[in-house]
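Work through the exercises below with the structure open. Try each task before reading its solution.

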Amino acid sequence: MRTNKPHHKRHHSASRLGRVRALVVFGIEIAVILCSAVLAFLLRFDFGIPSVYVHVLFIASIVWVPLKLASFKLLGLDRRWARYISLSDLLRLTLSNLVGSLIGLVVLVAAGSGVPKSVYAIDFLLCITLTA
């Protein structure tokens with residue numbers, strides 16, 4: 001009687017590869033969100049963030065990362081990172097960034113975080129560009 005051990009190993013390897021890929025995508029998404037936040041502050045302040053705004057950037061990042069990740073997950077964008085994307089993917093990406101950015105804006109303004117208004121728009125545009 002023949003066993004299916006090689007098949008089982010292949011399935012296990014594919015499953016592990018899927019988990020590793022998901023973690024890599026998750027890490028890339030976090031890096032993109034953080035890069036977009038830092039770049040937004042750098043652009044707003046002509047590439048020299050005043051020391052009083054470093055803490056504001058830190059607080060904004062703490063708010064933006066989970067909100068945007070949740071927004072990506074909600075619209076099924078956490079499974080992408082394919083070589084080619086369609087127009088519908090781009091629209092979902094834009095909507096996802098818009099939702100995450102707007103909720104982040106509401107939370108940060110309500111908390112009195114001190115994020116300059118222009119940073120919200122710059123971050124939104126950068127995040128769309130970097131995640132596309």
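The exercises cover helix packing, burial and cysteines in this predicted model.

**Exercise 1. Find how helices α3 and α4 are oriented to each other, and which residues meet.**

Step 1. Locate the helices. α3 spans residues 87-110 and α4 spans residues 117-131.

Step 2. Take the axes. They come within 10 Å and cross at roughly 150°.

Step 3. Apply the cut-off. Angles over 145 degrees count as roughly antiparallel. α3 and α4 are therefore roughly antiparallel to each other.

Step 4. Add the handedness. α3 passes α4 in a right-handed crossing.

Step 5. List the contacts. α3 contributes Leu 93, Thr 94, Asn 97, Leu 98, Ser 101, Leu 105, Leu 108 and Val 109. From α4 come Tyr 120, Asp 123, Phe 124, Cys 127, Ile 128 and Thr 131.

Step 6. Sort them by class. The contact of α3 with α4 holds nine nonpolar residues, four polar and one charged.

**Exercise 2. Repeat the analysis for α2 and α4.**

Step 1. Locate α2. It covers residues 51-74.

Step 2. Read the geometry. The axes of α2 and α4 are 14 Å apart, and the angle is about 45°.

Step 3. Classify. An angle between 35 and 65 degrees falls outside the parallel and perpendicular ranges. α2 and α4 are therefore oblique to each other.

Step 4. Add the handedness. The crossing of α2 past α4 is right-handed.

Step 5. List the contacts. Trp 64, Lys 68 and Phe 72 in α2 meet Val 119, Tyr 120, Asp 123, Cys 127 and Thr 131 in α4.

Step 6. Sort them. Five residues of the α2 contact with α4 are nonpolar, one is polar and two are charged.

**Exercise 3. Is Ser 61 buried or exposed, and what does it touch?**

Step 1. Place the residue. Ser 61 lies in α2.

Step 2. Check accessibility. Buried means under 20%. Ser 61 has 13% relative accessibility, so it counts as buried.

Step 3. Find its partners. Leaving out residues up to four places away in sequence, Ser 61 touches Leu 34, Ala 37 and Pro 66.

**Exercise 4. Place Leu 95 and state its distance from Ser 71.**

Step 1. Leu 95 is found in helix α3.

Step 2. Its relative accessibility is 41%, so Leu 95 counts as partly exposed.

Step 3. Ser 71 is 24 residues away from Leu 95 in sequence. Their C-alpha atoms are 8.8 Å apart.

**Exercise 5. How many disulfides are there?**

Step 1. Set the rule. A disulfide needs two cysteine sulfur atoms within 2.5 Å.

Step 2. Count. The result is zero disulfides.

Step 3. Check two cysteines. Cys 35, at 43% relative accessibility, counts as partly exposed. Cys 127, at 0%, counts as buried.

How values were computed. Residues numbered from 1 in each chain as written. Predicted model: local features only at pLDDT ≥ 70, side-chain atom pairs only at ≥ 80, totals over all residues. Heavy atoms only, no water. Axes fitted to C-alpha atoms, helices over the stretch in contact; angles between N-to-C directions. Helix = DSSP H or I, 4+ residues; strand = E, 2+ residues; numbered from the N terminus. Parallel < 35°, antiparallel > 145°, perpendicular 65-115°, else oblique. Left-handed = near helix turned anticlockwise from the far one by under 90°. Contact = heavy atoms within 4.5 Å. Nonpolar A, V, L, I, M, F, W, Y, C, P; charged D, E, K, R; others polar. Buried < 20%, exposed > 50% of the residue type's maximum accessible area, 1.4 Å probe, protein only.
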